[in-house]
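Visitor: Could you take me slowly through a single part of this model, the place where the ligand sits, and tell me what surrounds it there?

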Amino acid sequence: MKTMKVIYLGVLVFLTGSVNAAAPFGGEKDVSYAKNLWQTMMDAGYAGKGGLMSRPYTGQHPHGAILDTIEGQIALNGKLHQIIVKRNYGGEGVSIANVANDPAKYLKAVTVMLKRPGYDPETQDWFWAKFKADGSLDTNPAGMMLAGKVAKGKPKGCIACHTAAPGGDMLFLHD
Ligand code: HEC
């Protein structure tokens, strides 16, 4: 009986270990990259109070009732990267006018696509991240942090849906 238990435990550790290693997102490297990205976004005016903002517009599922999307370049670790930041607004009383007047009050999430040449050619080298309004990383229902290659297959994520964007660039913008 005792050996059975030990073997069972060993198999379990092996399985969970290999699942984590295979996860394409939410790992230590992606999380620390995302944390640095958020701080840099704050410093560069892509996030935080008084940051750059587009005209808010009515959004589409799953991104939220009202959105604002900005696009530009950001210097990260000494290199310039293309960045697209989409802010998702919601909550009681949300409207284009109210968001324009007081964006922080309605901000629910910040989704980011950052181009990292060589990161993953198969998915156009995009690094994906979803932050909460306070800048901490959001998680999926399985508790995995949404940073990195989120996610080609299961659990379904950014990539699975953005692959359907016209033009093969994974962007809905510009189409
Ligand atoms: C179920 C489909 C779906 C999923 C899942 C999804 N998106 Fe999107 N995303 C869209 C659509 C549709 C738009 C265009 C919406 C708009 O601007 O009105 C969009 C737009 C964007 C944009 C602006 C650039 C563009 O493509 O127009 C960013 C950045 C973005 N999403 C990031 C993310 C991130 C990060 C995740 C994962 C955490 C994610 N998205 C998950 C459908 C999805």
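**The surroundings of the ligand**

Guide: In this predicted model, a good place to begin is the side chain of K86, where an N or O atom lies 2.9 Å from an oxygen atom of the ligand. The backbone takes part as well: a polar backbone atom of F172 is 2.8 Å from a ligand oxygen, and a backbone N or O atom of L173 lies 2.8 Å from an oxygen atom of the ligand.

Stepping back from these pairs of atoms, one finds 20 residues around the ligand, and the closest of them are H63, C158, C161, H162 and F172. By type, this shell is made up of 13 nonpolar residues, five polar ones and two charged ones. Several elements contribute to the shell, since at least two of its residues come from each of β3 (79–89), β4 (107–115), β5 (126–132) and α5 (158–162).

The space that the ligand takes is the largest pocket, and that pocket holds about 840 Å³ of space. Its lining consists of 33 residues, of which P62, H63, K86, C158 and H162 are the closest to the pocket's centre. Two or more lining residues are given by each of β1 (57–58), β2 (66–76), β3, β4, β5 and α5. Sorted by type, the lining has 19 nonpolar, eleven polar and three charged residues.

For comparison, there is a second largest pocket, with a volume of about 300 Å³. It is lined by 20 residues, and those closest to its centre are G48, K49, G50, A104 and L107. Here the elements that each supply at least two lining residues are α2 (28–44), β3, α4 (103–106) and β4, while the lining as a whole divides into eleven nonpolar, four polar and five charged residues. If you follow β3 and β4 through the model, you will therefore meet them in the lining of the largest pocket and again in the lining of the second largest pocket.

One further residue is worth finding while you look at β5, namely D134, which is in the loop between β5 and β6 (147–148). D134 counts as exposed because its relative accessibility is 60%, and the cut-off for that word is over 50%. Its side chain makes a polar contact of 2.7 Å with the side chain of S136. D134 and A47 are 87 residues apart in sequence, and their C-alpha atoms are 9.9 Å apart in space.

Notes
Residues numbered from 1 in each chain as written. Predicted model: local features only at pLDDT ≥ 70, side-chain atom pairs only at ≥ 80, totals over all residues. Heavy atoms only, no water. Near = heavy atom within 4 Å. Polar contact = N/O pair within 3.5 Å; in protein donor to acceptor, adjacent residues only side chain to side chain. 1 Å grid on protein atoms, 1.4 Å probe; cavity = no way out; pocket = protein on both sides within 12 Å on 5 of 7 lines; lining within 4 Å. Sits in = over half its atoms within 2 Å of the grid points. Helix = DSSP H or I, 4+ residues; strand = E, 2+ residues; numbered from the N terminus. Nonpolar A, V, L, I, M, F, W, Y, C, P; charged D, E, K, R; others polar. Points joined across faces, edges and corners; volume = space filled by probe spheres on them. Buried < 20%, exposed > 50% of the residue type's maximum accessible area, 1.4 Å probe, protein only.
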